[in-house]
Amino acid sequence: MGYESINIFNVKPVSFDQGERDPFGFDDFSEKVGADYLPFSGSVSKPTYYLFVAYVNHFLNTNKSLWKNDKQKREIQIRLEKLLVYCWKSKFSKTELRGGLLGNNFELSVIDVFTSKGWVIQNAFKIYTDRNFAPATLELYLKKVGERQMPLLRDFILCDYKLPQRKAEYIKDLVKQLQKKNSLFNNHRLEDFKDKFKKELIEKIKGRLKNEYFQLLQPYFTYKTFKEETFWSKLLENPNPKIPFAFLNNWFGKFVLAVDADIYNKPNRKSLWINADKAFEEIPNNYLSSSKSDITLQKRMKKSKWFQFNTSENRYAFYDKGSPSEKRRIENLWESYKKRQGEEEGTSYFFNYRHSALLRLIKELR
Amino acid sequence: MKKNSKDFFQSIAEYPHNIGVYLTYTLDNEVVEKLSEVASGTKLILHDYKQGISIDDNSNSTIFCVPMKPLKPNDRNCFHSKLALLKSEVGAKFIVGSANLSVDSFATEKEIAIEMELEFKTETDVFIYNQIINFFEQLKSHLFIQISIWEQTINKLRFKELPTKSNSIHFIFNSNEKSIFDEYKNYLGRYKSGQTAKSIKIATPFVSDDYSKIEEVKSISDNISIYLRTGAKIKPFQNHHCKIFQPLNKKREGFHSKLMLTEFNSDAVLFIGSANFTEQGFFKTLNESANQECGIILKVPLKEMQEWFGENFWKQLSEIEVADYKEAEDNSLEFFESQNIHYAWAEKENTKITTYIFNPNNLPVRKTKDGNKIKLQNTDSEFLFKTNELGEQKQTVIFFIGDEKISVSVFELTEYIAGLNEKGESIFDSFKGIYSVNPTELDTAINEGKLSIKETTSIQITEPPKLEQYFYNVKSLLQSIEHKKYFTDFNEKEIQNEIYKSDDGRILYLTLQLLKTFSAKQNTENIKQECWKRISELSEKLNIDQRTLNTFIKGWLISKI
């Protein structure tokens, strides 16, 4: 063993999705604004998961004897998700499965479908919720193949084939039976149900009644090719006052720079605040709040987890909680937060309001 | 050796594993959540006891946080090691470096790490793995709580019988008698004896006021370059005529990497790890109240670290700049403050819940905001207390420290252990009830299930299939063992335990079959000896002539039946 087998690396900066990473509540606010326009998950986007989640929930609702409580229900969900990934991985290579497949890093040999353990916590059900997003697609699936698969899945959940040899024989046979034409377990892309799902997805977006935005977006579902730059600029940089994204991003960016100038007492803080306040005034009033969020945007956000706003001095400063290590932690979190401007998913936007997920969906449904 | 920037969590995600052991000084909830998303195995996190967190979501009890102390805790030292060890059924992976499991570590590109996959195909793989496990053994003395869980984990990690062969990549740690520097010198003595070092480069984000052993460093080479943060105290190095470098740009500003590189004519010796180049980190032994540190020493090509130390990132202070140098208020002196924030950890064993509370400000602890104060029991650490008075609601313990409501997820010890076993760490976990190789358990399952052989002939046989099922179960067990290449101390113990479960003749059959299976496997001498011992005992108890049996076994072992 020589040094060839090892890897020395600089540790890349990482964004943390959860917790206290949202000093003014902008992450939450922008997520809610995005949800107002795009009624699906902003995390991983794989059209098949919508059908799969709806199918599993249908399976659970029609097989209530299989579970007594939420814990058991969850275990079944995870085992079925593992089975799905197992089936896909037994047919497709890791490269073919790239792009939003949860659990793609697991080698086939280590996926134990007989237990819910040993799986990443972030799974399809956590991301897609248990609502039936695509009822018509589900109905078609049940008719074509889904109903016939239900007894197989029921047997799979009930089976107690714990002996290694029997497990191997059983799973081999099950995969063979599940990988039939039209089956979810046979293809990680929706293929046969793509048109139905696309129609439902378009209807759902249309149902948000954001007509100006919808008119801009709809053609992307039918374009055979398009430039991604125009997709972003048309939807996120659009100066149309009926679309909020450009106004909000403009202010978020400028506000953060101005707060930074306050806390580090930078000489240009006044001009930065002038820019920020100008950007704020340009935001149409109806975008300063979202029906789903508790937060209302204000020129000076008063509630913050990290900073206090000193009204008499008209400036922000770090909360002094008497702990230097806590202060350092917040300073680092703030550095990381600032960096997000211009680094969101490779675009130059502070937030993308679920548009990365939208783009992935459109690409796969083309 | 590749060189790049890499996502620490990606490195963990791409290695599916059963057990993950993580060592860190500081710890943040955001990082633990991220780990939960990417790591497939259990997560045993050892952290400095003054730097813990309260975990409010511990799904399936897969996260186990253990507060640690240095051997001789005081207000100037800490548990400072940073390591991730991931063990799968076929090998292991480790990541060692400067990054803690805190948000701070991942905010900017300021940490360095080394990762390595071990497949145990070579004896040198085992060598480095065993060095890590030896380190874990030493950590037993740094635990406040849960020594038995830690021992069980080590048993599941250790392959005592695998042969080892020394290798020039060393995992090192400071011990009671040896410092990190002692280990570094030993390494140079072993692999570079007689060779003259050209220079030494040291990167350290933190420094000491004074260095008692700097002359020893100079005896390796007096051409020393030291890479420090902007504003750091330079006097200790200035006095010894070291070249002083500071960040040229943002890329190295606030760096946290700890490196020592000794350059020779043809290659260099590199240390990467948790230890700052300070008295507490690098030069003291545990008996001298050092921090607990660890790292890797290895030989690298000269060009390996050229870019990291390159002039794109650093500028050398000129004589005038050194003469006019002004330390910053934060002069980078190493200092480990205790966090001022309380945290709690609750664990359940059988039905008893013990809550550990780190309470640095000695605030009153109450079940409800206005309720009576709970009397806390002392542990052997200042500020860390425990109580059994708090009950759970929906697997959560809720109480108040001062005015703050604390909500902690209850960690279930039995679920954690069961999780480890289910993930393939136990040979026998799949063989329960009707599939058991324990005659008593199998008989009970057969009786409870009222199982019988149903014949198709006119004669109805009502005999329960106790022997047939047993033979089938043993056969399946042996098949699963055949696939397994390596056996841990835990496996050794569970085999020993299994063959002593009864004195039934079927156990003799099981033991004989195990003996035959392990005869074909290398590095399982203890298991074979244990089987021989048990066979001898059983033959006596079952009145079987030992000589005849031994003659049979010897012939049978070399036969292909």
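**A walk through chains A and B**

A:Arg354 sits in the loop of chain A that links α12 (324–339) to α13 (355–365). Helices and strands here are DSSP runs, H or I over at least four residues for a helix and E over at least two for a strand, numbered from the N terminus. The model you are looking at is predicted, so to speak of a local feature takes a pLDDT of at least 70 and side-chain atom pairs count only at pLDDT 80 or more, while totals for chains, interfaces and linings use all residues. Residues are numbered from 1 along each chain as its sequence is written, with chains lettered from A and ligands numbered from 1 in the order in which they are written.

Let us stay with A:Arg354 for a moment. Its phi is near 70°, a positive value in a residue that is not glycine. As a general rule, most residues other than glycine have a negative phi. A:Arg354 counts as buried because it has 23 C-beta neighbours inside 10 Å. The scale behind that word calls a residue buried if 20 or more other C-beta atoms lie within 10 Å of its own, exposed if 12 or fewer do, and partly exposed in between, with C-beta atoms placed from the backbone.

Chain B offers a counterpart. B:Asn543 is not a glycine either, and its phi is positive at about 55°. This residue lies in the loop between α15 and α16 (546–558) of chain B. B:Asn543 counts as exposed because it has 6 C-beta neighbours inside 10 Å.

Now for chain A as a whole. The chain has 13 helices and 3 strands, and 34% of its 366 residues are buried. Of the contacts in chain A between residues at least 6 apart in sequence, 70% join residues at least 24 apart. Two residues are in contact here if their C-beta atoms, placed from the backbone, lie within 7 Å. The mean pLDDT (the predictor's confidence in each residue, from 0 to 100) is 84 for chain A, and 88% of the residues score at least 70. Over residues 342–347 of chain A, the pLDDT is below 50, and this stretch has 9 contacts in the model beyond near neighbours in sequence.

Helix α10 of chain A is a good place to look next. It covers residues 245–263, and its 19 residues reach 27 Å from first C-alpha to last, close to the 27 Å expected at 1.5 Å a residue. The expected span is 1.5 Å times one less than the number of residues. Of those 19 residues, 15 are buried, so the label "mostly covered" fits α10(A). After the helix comes A:Asn265, with a positive phi near 50°.

A little further along is A:Pro284, in the loop between α11 (269–281) and β2 (307–310) of chain A. A:Pro284 is exposed, because 11 other C-beta atoms lie within 10 Å. Leaving aside residues up to four places away in sequence, A:Pro284 touches A:Pro241 and A:Phe247. From A:Pro284 to A:Ser356 it is 72 residues in sequence and 24 Å in space, C-alpha to C-alpha.

Chain B has 16 helices and 23 strands. Its C-alpha trace spans about 105 × 70 × 35 Å along its principal axes. Of its 561 residues, 43% count as buried, and 67% of its contacts between residues at least 6 apart in sequence join residues at least 24 apart. The mean pLDDT of chain B is 88, with 95% of its residues at 70 or more.

Within chain B, B:Asn130 belongs to helix α3 (residues 123–139). With 16 C-beta neighbours inside 10 Å, B:Asn130 counts as partly exposed.

Towards the later helices of chain B, α13 (residues 489–498) and α15 (residues 525–541) have axes that come within 10 Å and cross at roughly 10°. That makes α13(B) roughly parallel to α15(B). The axes are lines fitted to C-alpha atoms, for helices over the stretch in contact, with angles from 0 to 180 degrees between N-to-C directions. Angles under 35 degrees count as roughly parallel, over 145 as roughly antiparallel, 65 to 115 as roughly perpendicular and the rest as oblique. B:Glu492, B:Ile495 and B:Gln496 of α13(B) make the contact with B:Asn526, B:Ile527 and B:Glu530 of α15(B).

Our last stop is α16(B). Its 13 residues should span 18 Å at 1.5 Å a residue, which agrees with the 19 Å between its end C-alpha atoms. The helix is hardly covered, with a count of 0 buried residues among the 13. For the model as a whole, the scores are ipTM 0.85 and pTM 0.73.
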